[in-house]
Amino acid sequence: MFFLIVAGSLGMLMRTQLATPNENFLNPFTYDQVVTLHGLLMILWVLTPLAAGLANYIVPLQIGAKDLTFPRLNATSYWTYLFSGLLLVGTVFLPGGSANTGWTLYAPLNTIQFSPQPGATLAILALALFAVSVTISSINFITTIVKKRAKGVTWTRLPIFTWSILMTMALALFAFPPLAAGLTLLTTDRIFGTVFFSSTQGGSILWDELFWFFGHPEVYIVVLPALGIIAEVFMTFSKRPLFARKIFIAELAAVTILSVGVWMHHMFTTGVNFDVLQAFSITTMAISIPFEGLVVGLVLTLYKSRIKLSAPMLYCLAAMFTVTLGGVTGVLQAFPVLDYAFRGTYWIVGHFHYVMAGTALFALIAGLYYWWPKITKRKYNESFAKITFVISFIGFNALYFPYFFLLDMPRRIATYSILSGWASLNFDATVGAFIFGPAILLTLLNLILSYRKNESSEANPWDSKEMEWTGDYSGTAEASTTKDNSIQSKNGDKS
Amino acid sequence: MNDDEHTEKSKSSYMPLIIASGVAIFLLGLAIYIPVLVAGLIIIVAAVYKMFKDGAAEKFSGTKETPEEETYPLESVTNEKLGLWIFLASEILIFGSLIIAYAYVRVNSGSWPIATQTHNVFLGMTNTIILLTSSLAMILSLYAIRQGNVKGLKIGLGSAFALGIAFLVIKLGFEWPELISKGFTITSGLPASTYYVLTGLHAVHVAVGLVAVGYLIFRAYSLGFTSSKHIAVENVGLYWHFVDIVWMFLFPLFYLI
């Protein structure tokens, strides 16, 4: 299962490179394609699988299982994921280029009339294949977590990260089928000439509904594992149990359930009627309550504790900072009035990059660092890791913080005139991007270098009390030996 | 890393890779150049055939269950069955979304053709009865094998298979050509779009079900099921009933109202 994580990171490298839109180099059509691919790849093919890859290794260890329930389905899921990614990237090389619709693929721009290139069709099919891959893997994870827990790992003792993955996978199971349905309709529209999204009776609103019913839960599919990782890291480095653990799990569940009821807030400006507007405004504010509860729980875990500031901890603290900022800017959107003003501006871009690129990516890197000694039996270079952290945090903020001041700059424009007064802030952001990107590369380099070095790490370098480190699932000797054996055999293969 | 990959692979097979690449090539062909699609299809069919020969149920079954596991609250459900139920949940969501999309465009449309005038209710009703009967046949075959009656199993599966084929023949061989000759083609507007996509997707599910039932028949003749070893019959049956139930929704929605 380890190569899954490596391929995930490699994919991320490739995709990070793909995804630097340079606003002066590209013509508008190319720019649109880059925006589309950046969004799709980053959200779906990088953040989601990176969490799934980590989970693939960590969840069985945390629950004391040897592997996921269906190893072959797991492989199928991985390969479909890989090929769907290749198909999507491959669309760039087709005549006419790739999809240029933005990652939301809004109708009617996604119909054959407005984007006739076959690359757009292929991108849609790649997305459908990805949905299949996610569905397969969520079946596998849910079955595993429900059925494969070692003796003693009862629901109340289930580690937080596993809980968060369980919620994530349940959410994925709920969110991706409607997307698949929407994509089916879109594909038949494009290939067989049905008229779902080009007609006035269905059209763009139908697509919006189907897409955002998937799209908003997808945000939580990305964020929940991040929160799980943060919780694990906080517990280990503050040597404290999680503050109000049961409430924390309940809040996770509340966020999961509420997240399927807020999709309309992406559509406040589409002319939905006032009652609907109010209802979704309320659910959007409602979801922020358990979410803030999660953040408070995490902060209180640290309160008055002795924190060891290792790299994973630093990344998690950074993620906490960004989730707070991203969350606060997000709650403001719950008010339709403000949403009318802000939508389609760089304010929104700043908001979701703080949540996605900030929280999710930082937390996932923290997870990689944190479990790296467990996965590879190697210790990465700690001071190198701290330096890259500082660089990437500075770069990140230089990149995205200016967006909050670009309140009046529309998103998705390929270029702007000097008169608009956006130039200096944009320049700042670009400089930030060129700090942030290489910093992420350095981070991965650090991990890869440590993997190649033959310096093995001790079994429990963080001195953690969590089950996957101690190997003690309620003290049953048998469970821990099987687990050690499986790890030894895995490592024996590698060296 | 390569070693790790190999040990993983030797435990399983290259099948997942082959299937995934087959599907990818299939989609590539669908989007760009239709002949490529055929190549993908050949790969998929070959892979499925190979799995038939090796016994797909073993290949894709879960890791062994041991009694030393916490399984609360689903102690009595096997891993495979739980996985299948979760899969069916995702299927319900797909068809649910599509049916809601259908309701949405229909409510938004000012005029909609009267169902009983467009569609042949007699053929639709016949198909409904055929599917229900095939579900009955599946249940009877499960009962038969529970008592160790292999002959009953073969008869049950065979009639379920034949009824499934009959359903597809009526649908694709009689109904669709009739509709198309009336000018009710896939490009002729939303009533036709929704009809063809929903019933078409359902027909694809029936076809997949037929492959699964075909596999059961193959197994019944070669490796054999026994009264204690017949989990595949039950699981395929679950899927078959699900496809049946979907039709129970589609039939009134399209043919009657």
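Let me begin with a term: a nonpolar core is a set of buried Ala, Val, Leu, Ile, Met, Phe, Trp, Tyr and Cys residues joined through C-beta atoms within 7 Å. Please keep in mind throughout that the structure above is a predicted model.

The largest nonpolar core here has 201 residues. The members that touch the most others are Ala226(A), Ile230(A), Tyr315(A), Cys316(A), Ala319(A), Ala363(A) and Ala366(A). Helix α6 of chain A, residues 203-238, gives the most to this core, namely 22 residues. Chain B takes part as well: domain 1 (8-60) and domain 2 (79-256) of chain B both give residues to the core, so it lies between them.

Which residues does Ala319(A) touch, once those up to four places away in sequence are left out? They are Ala226(A), Ile230(A), Gly358(A), Thr359(A), Phe362(A), Ala363(A) and Ala366(A).

I turn now to chain A as a whole. Its secondary structure consists of 15 helices and 1 strand. Of its 495 residues, 54% are buried. If we take contacts in chain A between residues at least 6 apart in sequence, 84% of them join residues at least 24 apart.

A word on confidence in chain A is in order. The mean pLDDT of chain A is 73, and 69% of the residues in this chain reach 70 or more. Where in chain A is confidence lowest, and where is it highest? The lowest value belongs to helix α15 of chain A, residues 477-494, with a mean of 39, and the highest to helix α5 of chain A, residues 160-191, at 86. Over residues 475-495 of chain A the pLDDT is below 50, and the model gives this stretch 25 contacts beyond near neighbours in sequence. Residues 1-24 of chain A also have pLDDT under 50, with 47 contacts beyond four places in sequence in the model.

Let us move to chain B. Its domain assignment gives domain 1, residues 8-60, and domain 2, residues 79-256. The centres of these two domains of chain B, taken over C-alpha atoms, are 24 Å apart. Chain B contains 10 helices and 1 strand, and from the N terminus on the order is α-α-α-α-β-α-α-α-α-α-α. Buried residues account for 33% of its 257 residues. Among contacts in chain B between residues at least 6 apart in sequence, 70% join residues at least 24 apart.

Within chain B, I would draw attention to helix α7, residues 121-146. This helix has 26 residues and reaches 38 Å from its first C-alpha to its last, close to the 38 Å expected at 1.5 Å a residue. Its buried residues are Gly124(B), Asn127(B), Ile130(B), Leu131(B), Ser134(B), Ser135(B), Ala137(B), Met138(B), Ser141(B), Ala144(B) and Ile145(B). Many of us will recall the general rule: an α-helix has 3.6 residues a turn, so residues three or four places apart point the same way. What covers the buried residues of α7(B) includes α8 (150-181) and α10 (231-256) of chain B. After α7(B) comes Gly148(B), whose phi is positive, near 80°.

My last example is Tyr195(B), which sits in helix α9 of chain B, residues 190-221. Is Tyr195(B) buried or exposed? Tyr195(B) has 23 other C-beta atoms within 10 Å, and because 20 or more are needed for a residue to count as buried, Tyr195(B) is buried. Its C-alpha atom lies 18 Å from that of Ala207(B), which is 12 residues away along the chain.

Technical notes:
Residues are numbered from 1 along each chain as its sequence is written. Chains are lettered from A and ligands numbered from 1 in the order in which they are written. This is a predicted model: local features need pLDDT of at least 70, side-chain atom pairs count only at pLDDT 80 or more; totals for chains, interfaces and linings use all residues. Domain bounds come from an automatic or database domain assignment. A residue is buried if 20 or more other C-beta atoms lie within 10 Å of its own, exposed if 12 or fewer, and partly exposed in between; C-beta atoms are placed from the backbone. Helices (H or I, at least four residues) and strands (E, at least two) are DSSP runs, numbered from the N terminus. Two residues are in contact if their C-beta atoms, placed from the backbone, lie within 7 Å. The expected span of a helix is 1.5 Å times one less than its number of residues. pLDDT is the predictor's confidence in each residue, from 0 to 100.
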